[in-house]
Amino acid sequence: PKPFTATGKKNLIGANLIALRKNIIYPGGLAHELQLAGYDMDKNVITRIETQQRYVTDIEIKALCDLFNVSFEDLIK
């Protein structure tokens, strides 16, 4: 079985991803930018990560860090 956070959520970055994305781009636009960078993430993936209903892979975390130019530590705070 896959682990959950103490609150039962499936990832630690959902709220921070919303905050990073909120003033810059909408979920579909973020997915588009990630796809242009070569990552297979669509709008539904972004939404499920933000609502903490989906686990996030290390590759996806790296893609988000690179796109927003933030460190891993900043993404999971």
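**View 1. Asn 11 reaches the backbone oxygen of Ile 49 with its side chain, at 3.1 Å.** The model shown here and in the other views is predicted. Asn 11 sits in the segment before α1. Its relative accessible area is 7%, so Asn 11 is buried. A polar atom of the Asn 11 side chain also lies 2.9 Å from the backbone nitrogen of Gly 14. Leaving out residues up to four places away in sequence, Asn 11 touches Thr 5, Ile 49, Gln 52, Arg 54 and Val 56.

**View 2. Helix α4 and its surroundings.** Helix α4 covers residues 58-68. Buried here are Glu 60, Ile 61, Ala 63, Leu 64, Cys 65 and Phe 68. What do the buried residues of α4 pack against? Four helices: α1 (14-22), α2 (27-36), α3 (43-50) and α5 (72-76). Just after α4 comes Asn 69, with a positive phi of about 55°.

**View 3. The largest nonpolar core.** This core has 17 residues. Leu 30, Leu 34, Ile 49 and Leu 64 touch the most other members. At least two residues come from each of α2, α3 and α4. Helix α4 gives the most, with five residues. Leu 34 shows how such contacts reach along the chain. Its neighbours within four places in sequence aside, Leu 34 is in contact with Tyr 39, Met 41, Ile 46, Ala 63, Leu 64 and Leu 67.

**View 4. Glu 60 and Arg 54 form a salt bridge.** Their closest N and O atoms are 2.9 Å apart. Glu 60 is found in helix α4. Is Glu 60 buried or exposed? Its relative accessibility is 8%, below the 20% limit, so Glu 60 counts as buried. Arg 54 is buried too. Glu 60 has further contacts. With residues up to four places away in sequence not counted, Glu 60 touches Met 41, Val 45, Ile 49, Arg 54 and Tyr 55.

**View 5. Val 45 touches both partners of that salt bridge, Arg 54 and Glu 60.** These contacts leave out residues up to four places away in sequence. Val 45 lies in helix α3. At 14% relative accessibility, Val 45 counts as buried. Asp 58 is 13 residues from Val 45 along the chain. The C-alpha atoms of Val 45 and Asp 58 are separated by 14 Å.

**View 6. Arg 21 meets Glu 50 in a salt bridge.** The N to O distance between these side chains is 2.5 Å. Arg 21 belongs to helix α1 and Glu 50 to helix α3, so the pair ties together parts 29 residues apart in sequence. Both ends fall under the 20% limit for buried residues. Arg 21 is buried at a relative accessible area of 11%. Glu 50 is buried at 10%. How many salt bridges does a search of the whole structure find? It finds four.

**View 7. Lys 62 and Asp 66 form a salt bridge within helix α4.** The closest N and O atoms are 2.7 Å apart. The two residues lie four residues apart, about one turn of the helix. An α-helix has 3.6 residues a turn, so residues three or four places apart point the same way. Side chains of opposite charge can pair when their charged atoms come close. Asp 66 is partly exposed, with a relative accessible area of 44%. Lys 62 also counts as partly exposed, at 48% relative accessibility.

**View 8. Phe 4 and Tyr 55 form an aromatic pair.** A search of the whole structure finds one such pair. Why is the pair called tilted? The planes of the rings stand at 55°, which is neither under 30 degrees, as in a stacked pair, nor over 60, as in an edge-to-face pair, so the pair is tilted. The ring centres are 6.3 Å apart. The pair links distant parts of the chain. Phe 4 is in the segment before α1, and Tyr 55 is in the loop between α3 and α4, 51 residues apart. Tyr 55 is partly exposed, with a relative accessible area of 23%. Tyr 55 is also one of the residues that Glu 60 touches.

Note on methods
Residues are numbered from 1 along each chain as its sequence is written. This is a predicted model: local features need pLDDT of at least 70, side-chain atom pairs count only at pLDDT 80 or more; totals for chains, interfaces and linings use all residues. Side-chain values use heavy atoms; hydrogens and water are left out. Buried means under 20% relative accessible area, exposed over 50%, partly exposed in between (1.4 Å probe, protein chains only). Contact means heavy atoms within 4.5 Å. A nonpolar core is a set of buried Ala, Val, Leu, Ile, Met, Phe, Trp, Tyr and Cys residues joined through side-chain atoms within 4.5 Å. Rings of Phe, Tyr and Trp (its six-membered ring) pair if their centres lie within 6.5 Å; planes under 30 degrees apart count as stacked, over 60 as edge-to-face and the rest as tilted. A polar contact is a pair of N or O atoms within 3.5 Å; within protein, one must be able to donate a hydrogen and the other to accept it, and residues adjacent in sequence count only if both atoms are side-chain atoms.
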